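Please walk through this structure with me, one internal space at a time. Keep the sequence and the 3D view side by side.

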Amino acid sequence: MMAFMSTSKGAALVTGGARRIGAAIALALAQHGYDVALHFHTSVEPAQRTAKEITGLGRRCRVFRCDLNDHDETAALIPSVREQFPRLNVLVNNASVFEPATLRATGRDLFERHFNIHFRAPFFLTQAFAEGCSAGQVINILDTRVRASDPRHAAYTLSKKALLELTRMAARELGPAIRVNGVAPGMILPPPGGVVDELERRSAGLPLKRIGDTANVVAAVLFLIDNPFVTGECVYVDGGEHL
Ligand SMILES: NC(=O)c1ccc[n+]([C@@H]2O[C@H](COP(=O)([O-])OP(=O)(O)OC[C@H]3O[C@@H](n4cnc5c(N)ncnc54)[C@H](OP(=O)(O)O)[C@@H]3O)[C@@H](O)[C@H]2O)c1
């Protein structure tokens with residue numbers, strides 16, 4: 001049975017929200033009182049399942065397909081979300097690719113895919129979001145690698161570093177109407193198709209000696225959403241890896 005639907009706090013667009021960390025963030029925002037514009041690219045059925053869970057919580061949800069590697073599709077996303085959700089006031093840039101390649105091994109396509117999805121799309125989504133938004137916030141999902149230089153994932157790491165700088169710059173330009181913050185996860189989920197054992201083995205080297213879970217990332221997102229005096233911040237959810 002559908003839960004009681006109270007007035008929403010607004011609407012949140014979550015990119016890459018069909019599954020894994022993005023779905024956990026979308027569900028938490030729904031539980032927190034936001035209607036959800038759920039973006040996906042290829043995960044049609046997972047997106048529909050997550051949307052159904054959100055509506056089961058008593059919030060509105062619509063799914064939006066968009067290839068964030070394509071600039072024209074990206075530019076059309078916020079206007080079509082606003083048609084359905086005129087009270088859009090949260091943007092979570094979560095969508096990601098994670099393809100290993102050193103600087104020497106990085107081809108143009110891999111380079112562009114990472115920078116388009118992690119930097120160009122959040123840049124122009126933030127710009128479109130800010131237009132006509134009198135009070136809202138942006139959360140960028142980063143990676144603890146922004147504090148180091150991981151040469152095995154050159155384009156991934158550099159594009160997330162660029163997103164951290166965008167977080168700070170946008171926080172300065174868009175305040176006081178809009179707060180912009182980042183969450184930098186560490187070892188949470190193995191990449192799709194990967195195994196958790198490998199993460200658990202590597203986590204022995206962390207100060208907290210364990211991997212995290214999606215709830216830890218969600219808690220940081222909700223902290224940033226709820227704290228009206230924090231902007232331009234990056235919260236590391238990584239068991240101390242950035243140290
Ligand atoms: N997993 C971790 O432990 C970890 C660690 C550090 C940082 N992070 C960060 O946390 C966030 C979530 O991580 P995750 O592991 O849950 O992410 P993920 O599963 O690797 O990717 C999230 C979503 O990004 C979407 N995406 C990929 N290419 C796209 C494209 N061309 N256009 C539009 N969407 C596209 C996919 O949507 P579809 O499935 O619909 O195609 C995918 O479901 C990411 O920003 C990641 O960098 C994660």
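The lining of the largest cavity takes at least two residues from each of α4 and α5. Helix α4 gives the most, with five residues. This is a predicted model, and it holds one cavity of 30 Å³ or more. The space in the largest cavity comes to about 50 Å³. In total, 13 residues line it, and those closest to its centre are T15, N93, A95, I117 and P122. By class, the lining of this cavity counts eight nonpolar, four polar and one charged residues.

Stay with α4 and α5, and turn to the second largest pocket. Both helices appear again here, each supplying at least two residues of the lining. This time the largest share comes from α5, with five residues. The pocket holds about 190 Å³ of space. Its lining consists of F123, T126, Q127, A130, L166, M169, A170, E173 and L174. Sorted by class, these are six nonpolar, two polar and one charged.

Now follow the chain out of α5. The loop between α5 and β6 (178–185) contains P176. Look at the bond before this proline: G175 and P176 are joined by a cis peptide bond, with omega at about 0°.

Next comes the largest pocket. Its volume is about 1200 Å³. The lining has 46 residues, and R20, S96, V97, F98 and P192 are the closest to the centre. Several elements each give two or more residues to this lining: α1, β2, α4 (108–130), α5 and α6 (196–203). The class count for the lining of the largest pocket is 21 nonpolar, 14 polar and eleven charged.

What sits in the largest pocket? The ligand does. It is surrounded by 27 residues, and the closest are R20, H41, T42, S43 and N94. Three elements each supply at least two residues of this shell: α1 (20–31), β2 (34–40) and α5 (154–174). The shell is made up of 13 nonpolar, nine polar and five charged residues.

Zoom in on the backbone around the ligand. At H41, a polar backbone atom lies 2.7 Å from an oxygen atom of the ligand. At L68, a backbone N or O atom is 2.9 Å from a ligand nitrogen atom. At I188, a backbone N or O atom is 3.0 Å from a ligand oxygen atom. Taken alone, the ligand exposes 890 Å², and the protein buries 91% of that area.

One residue deserves a second look. R20 is among the residues closest to the ligand, and it is also among those closest to the centre of the largest pocket. R20 is found in helix α1. Which sign does phi of R20 have, positive or negative? Phi is near 55°, a positive value in a residue other than glycine.

Finally, come back to α5 and trace its place in each space. Helix α5 contributes to the lining of the largest cavity and to that of the second largest pocket. It also gives residues to the lining of the largest pocket and to the shell around the ligand.

Methods: Residues numbered from 1 in each chain as written. Predicted model: local features only at pLDDT ≥ 70, side-chain atom pairs only at ≥ 80, totals over all residues. Heavy atoms only, no water. Near = heavy atom within 4 Å. Polar contact = N/O pair within 3.5 Å; in protein donor to acceptor, adjacent residues only side chain to side chain. Areas by Shrake-Rupley, 256 points an atom, 1.4 Å probe, with all protein chains shown as cover. 1 Å grid on protein atoms, 1.4 Å probe; cavity = no way out; pocket = protein on both sides within 12 Å on 5 of 7 lines; lining within 4 Å. Sits in = over half its atoms within 2 Å of the grid points. Helix = DSSP H or I, 4+ residues; strand = E, 2+ residues; numbered from the N terminus. Nonpolar A, V, L, I, M, F, W, Y, C, P; charged D, E, K, R; others polar. Points joined across faces, edges and corners; volume = space filled by probe spheres on them.
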